[in-house]
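Q: Please give a close account of one part of the model shown here, beginning with a single residue.

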Amino acid sequence: MAESIAFLDDEFVPISEAKISILEPTFTKSDVVYDTLSSWQGHIFRLNEHLERFQNSYRAMQLNPPYPLEEIRRIVAECIERSGFEDTCVTLMATRGPFIDLADRDIRKCKNGLIAVCVPYYWVLGEDKQTNGVNMVITENQRVPAGAIDARVKNFNWMDLTRGLLEAYEKGGDSALLCTPDGFLSEGPGFNIWLAKDGKLFTPRGNLLEGMTRRSVFELAKEMGAMPIEKPLTPDDLRSADEAFTSTTAGGITPVTQVDGKTLGNGAPGILTTRLTDEYWRRREAGWHGTRVEDVLQERDVA
Ligand code: PLP
């Protein structure tokens, strides 16, 4: 039977058995960086690029996971294989880990760890939103400034995003889009944002996670002749867009059909959004940018 699997303390275990101490800064200070990958029909998407981003994140926080990157690559594949799920999301976490001595609070002396978790593939905005579209609320709550937290370092310091999400729910929305302190669009809890206007495609530039799906949209859009442009965008740019969508590992491309409860464009997923979504999934099924799980496992057998 397929089940969610974790890798923790050098062991693969069912997810219910994966536990960390409540005294660790990993938990008490969210002192952990992460990355989320997906596999679709046995192909891990952009595996090495995710690992590179993960490495950049843990280096930025002076974390030193106890395995080299090639080993982490194999751990990802083994989690997927052991889970038995056809399509998965795998989250890697580089943790600060426990204090060696509770009387010594020097985080540089903590025993850094690595956790991997494999669960069935999920849609962060809900699978139904693929057809219906999202009511996106542009929130009063701001994204934390880059000088405080570098959003390119994928991290669990989500208080701004969570507050944004709660605000969006209160306002009747499905999810939240936060702005930078100087009023430009940034990103939401778990996704990047895109908008199309007069045949041109735009996505914000600034303090945001440079998503792997965002990278994929750049590629697809260029091939389709819709030259994507990265630039500072305002809330009004989104409100007056012809169409908009989100991009994320956990859900691919999702249409935005309302902004702040008001209909966007004609209220249906846009033509470009639909073309990009179809092409994204057609390619994912064909193994686009994919590394086969079994190939990674064979590397292990040969080594
Ligand atoms: N922005 C944030 C804050 C995220 O958490 C995520 C993904 O989890 C993204 C953007 C999208 O990035 P990716 O396409 O790599 O999943």
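Is aspartate 260 buried, partly exposed or exposed?

A: Aspartate 260 is partly exposed (20% to 50%; buried is under 20%, exposed over 50%, 1.4 Å probe, protein chains only), because its relative accessible area is 29%. The model is predicted, with local features needing pLDDT of at least 70 and side-chain atom pairs 80 or more. Residues are numbered from 1 along each chain, and side-chain values use heavy atoms without water.

Aspartate 260 belongs to the loop that joins strand 14 (252–259) to strand 15 (262–263); strands are DSSP E runs of at least two residues and helices H or I runs of at least four. Its phi is near 55 degrees, positive although the residue is not glycine. Most residues other than glycine have a negative phi. Aspartate 198 also has a positive phi, near 50 degrees, and lies in the loop between strand 10 (191–197) and strand 11 (200–203). Aspartate 198 is exposed, because its relative accessible area is 63%.

Strand 10 also has a part in the ligand site: strand 10, strand 9 (187–188), helix 6 (212–223) and strand 13 (243–248) each give at least two residues to the shell around the ligand. The ligand is surrounded by 16 residues, each with a heavy atom within 4 Å; Lys154, Glu187, Met212, Thr213 and Thr249 are the closest. A polar side-chain atom of glutamate 187 is 2.6 Å from a ligand nitrogen. For ligand oxygen atoms, the side chain of threonine 213 has an N or O atom at 2.6 Å, and that of arginine 53 has one at 2.9 Å. Of the 390 Å² that the ligand exposes when taken alone, the protein buries 94% (Shrake-Rupley method, 1.4 Å probe).

Notes. Polar contact = N/O pair within 3.5 Å; in protein donor to acceptor, adjacent residues only side chain to side chain.
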